[in-house]
Amino acid sequence: MSSTKTATLSLWISLTCLVGCGMFVMKNKVQSLEAELAQINKNIQDDVKTIHVLNAEWSHLNSPARLRKLASKHISLKPLQAEQIINYSALPFEYEQNESQRRLAAQRNINSHAEQNRLKKVVRAQH
Amino acid sequence: MFGSFFSKKNEPFYLPGEEIKLDKSFSFLNYSCEKDPLSTCKNRVAFAICMFFLVFSILTIRLFNICISFDRPETTIAEADRFYALPENPIKRADIIDRNGTIIATSLPTVHLFANPKKIDNPQKAAVELSRILPDIRYEDILAKLQKKGSFVYIKRNLTPSQQYQINALGIPGLEFEDSEKRIYPHKNLFAHLIGATNIDNVGISGIEKQLDERLRNSDIPLQLSIDAGIQDTIRQELQAGIDKFHALGGTAILMDTNTSEIIAMVSLPDFDPNRKIKVSDRATFNFATKGLYEPGSVLKVFNAALGLEKGHVKLTDRFDATKPIKLRYNVIKDYRGENRWLDLQEILIYSSNIGSAQIALKVGKEKQQNFLKSLGLFSSLKNFEVAEKASPILPRVWGEATTATVAYGYGISVTPLHLATAFSAVVNGGVYHQPSVLLSEKTTSEGIQVLSKKTSENMRQLLRGVVVEGSAKRANILGYEVAGKTGTANKLVNGKYIDKKVMTSFLGTFPVSNPRYTLMLMMDEPKPLKETWGFVTSGWNTVPTAGNIIKAIAPQLNIQANYDLEEMRNNRIIEAAYER
């Protein structure tokens, strides 16, 4: 056999071995990665299940009937009545045509309240 | 055979005994097909080598193909072989959520316990242990199951996690677990009729669960409804209060978006808890709102008035003689506490005059009346509605003159409350009819059919507002929310006779009337007279105040701005109250 032939043959054999080894290593790695993926997927599914259960519980705890019962027991808030919502224009300010004057009127209103409060404090302090 | 290919022509010479020695010249190059022992041996070796080559080359090629294949056909590879980066959802059946994302129905992961009786060595001992952990099953029952022939028997479905842990810790071979899920309804009774329920195998058996079973099974994306859980609860509570107060047998309420016919809330009472698999009365499982067929009574006068206006036979100013009953061939049409005078259209609705309504219908005629009611969907089943329990309206077999007259004020034809709410929405929203739906649609106003003109619709809104301001629906006139509507009281038909004391009372209304957004349909079955209603059982005394309470409670939740007339408000001393503060 000539040296060229021997060289070619050995090249092929070494290449085959190399590819074989490479393939084995790769396969091994893929297997371990797949196992890892399966584990992660299982964990995710467990988490999804847990989240599902928690969501259901949250919905159960937030059911309007239960909230109403708790609210009537622990806080003194009542359902909103239509009469409690009124327009700005219905507020007891003197009506001013332009906006800057309206602001002034509002400020005056606040100031008068502040003045009243101050007077109340003074009266209380005197007693 | 192969030897001849390799062999040389010249015959080698062997010394005696030399032919059986293995010499250095052993090669395939110099043997023949002769029948000498050496050639036979070489032949066989060559054959074996060829075979090995063949087999290994096949293996190599196949291995190469499997490992590195360039043209893998996508379709022939099984789906299961592929690896997904994302795991599939362990919960198979989709959730149902309301318009704000609140969970209405969901599935919880559970496990079933099953046994393989063949693998269980000591059924008595296993049964003792199991009956200790599962106190709700008797020892004898478990033992009977464990001694059954066959290799599969369910012991208990839906174990609790601690039960599963304890049974697992027993370590009895032959007891196994199966992953499963259980449908639960966190709001209990609240959506009982609407959502329905599933059976033990998670297949929908009623309501939305049945109608949209395929959708819920095939996709795990939550199904979003147009229902609002908060509003539903408020309405249920108010309706229950009303039913309790008037000792009614049952009731139903539907709140619908007037402009799209989307259902915001739908309650039918009495109801049941779908989480409990116990037998409840037929009355409780009956969905009043979509399956209850009743003669609607006076609320049908709304459609009659719209018919008259739309076809141009009646004008707002026309007056009708309601001084004496109408005598038809077989029956006489009378008014309940009639005014006994000439009435215009507004007054016919305010005083709910049967005589006036019948006159309008007779003036318009049978054909037009039928076509109009048909266009409002009152003649056909609401096939596309997402709740499984549906009823088809009952129509008279013969539609004569008498029928035309009686249908005008709501007798002779039976429809469901859902039909009425849908048709009413079309009358007040500008004349566009939409199919009712409980699914939240992307579009704000779905495609509808124009069934009456905008002008007629506007007139109808005015007339209906008049009924609430001065007529039988006064008690639903909630300040600021401009309620408009019509009441109805229909005598129940028992054994072919109308009975005075047994009535179905209803209220059909919309608010705020200047720009209708919501339609409310309320119906009560046999409310009883009370002292405070002066012995009356008509709608204005029971259904209407209940409707008023409902509107008062839900309107602020629905984000409707109260539209006060300043003068009206001063009368109600709101400004004074504000000044005092």
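Start in chain B of this predicted model by selecting strand E6, residues 250-257, together with strand E16, residues 518-525: the two run antiparallel and are joined by 8 bridges. To find your place along the pair, pick Thr252(B), whose bridge partner in E16(B) is Met523(B).

Now add strand E7, residues 263-269 of chain B, which pairs with E6(B) over 6 bridges, again in the antiparallel sense. Here Leu255(B) sits opposite Ala265(B). Follow the chain through the hairpin from E6(B) to E7(B): there are 5 residues between the strands, and Ser261(B) has a positive phi near 60 degrees.

Is E6(B) mostly buried or exposed? Color it by burial and you'll find that 7 of its 8 residues are buried, so the strand is largely enclosed by the rest of the structure.

Next stop: helix H12(B), residues 300-310. All of this one is tucked away: 11 of the 11 residues are buried, so the rest of the structure largely encloses the helix. The buried set includes Lys301(B), Asn304(B) and Glu310(B) alongside Val302(B) and Phe303(B). Just after the helix, click on Gly312(B), which has a positive phi near 80 degrees.

Time to see what these pieces share. Select Ala253(B), Ile254(B), Leu255(B), Val302(B), Val427(B) and Ile551(B): within the largest nonpolar core, of 119 residues, these touch the most other members. Helix H17(B), residues 417-428, gives the most to this core, with 8 residues. Domain 2 (96-224) and domain 3 (234-271 + 290-571) of chain B both contribute, so the core lies between them.

Zoom in on Val427(B). Leaving aside residues up to four places away in sequence, its contacts are Val302(B), Phe303(B), Ala306(B), Leu452(B), Ser457(B) and Met460(B). Apart from this core lies another, of 13 residues, among them Ala127(B), Ile142(B), Leu146(B) and Leu159(B).

Use Ala127(B) as your way into the last stop, helix H3(B), residues 123-133, where Pro123(B), Ala126(B), Ala127(B) and Leu130(B) are buried. Look down the helix axis: those residues fall within an arc of 100 degrees, so they line one face. The spacing fits a general rule: an α-helix has 3.6 residues a turn, so residues three or four places apart point the same way.

What do the buried residues of H3(B) pack against? Show helix H4 (139-146) and strand E3 (153-159) of chain B, and you have both partners. Then flip to the face turned away from the buried side, where you'll find the exposed residues Gln124(B) and Arg132(B).

Technical notes:
Residues are numbered from 1 along each chain as its sequence is written. Chains are lettered from A and ligands numbered from 1 in the order in which they are written. This is a predicted model: local features need pLDDT of at least 70, side-chain atom pairs count only at pLDDT 80 or more; totals for chains, interfaces and linings use all residues. A residue is buried if 20 or more other C-beta atoms lie within 10 Å of its own, exposed if 12 or fewer, and partly exposed in between; C-beta atoms are placed from the backbone. Helices (H or I, at least four residues) and strands (E, at least two) are DSSP runs, numbered from the N terminus. Two strands pair if DSSP finds at least two bridges between them. The arc is that of the directions from the helix axis to the C-beta atoms. Two residues are in contact if their C-beta atoms, placed from the backbone, lie within 7 Å. A nonpolar core is a set of buried Ala, Val, Leu, Ile, Met, Phe, Trp, Tyr and Cys residues joined through C-beta atoms within 7 Å. Domain bounds come from an automatic or database domain assignment.
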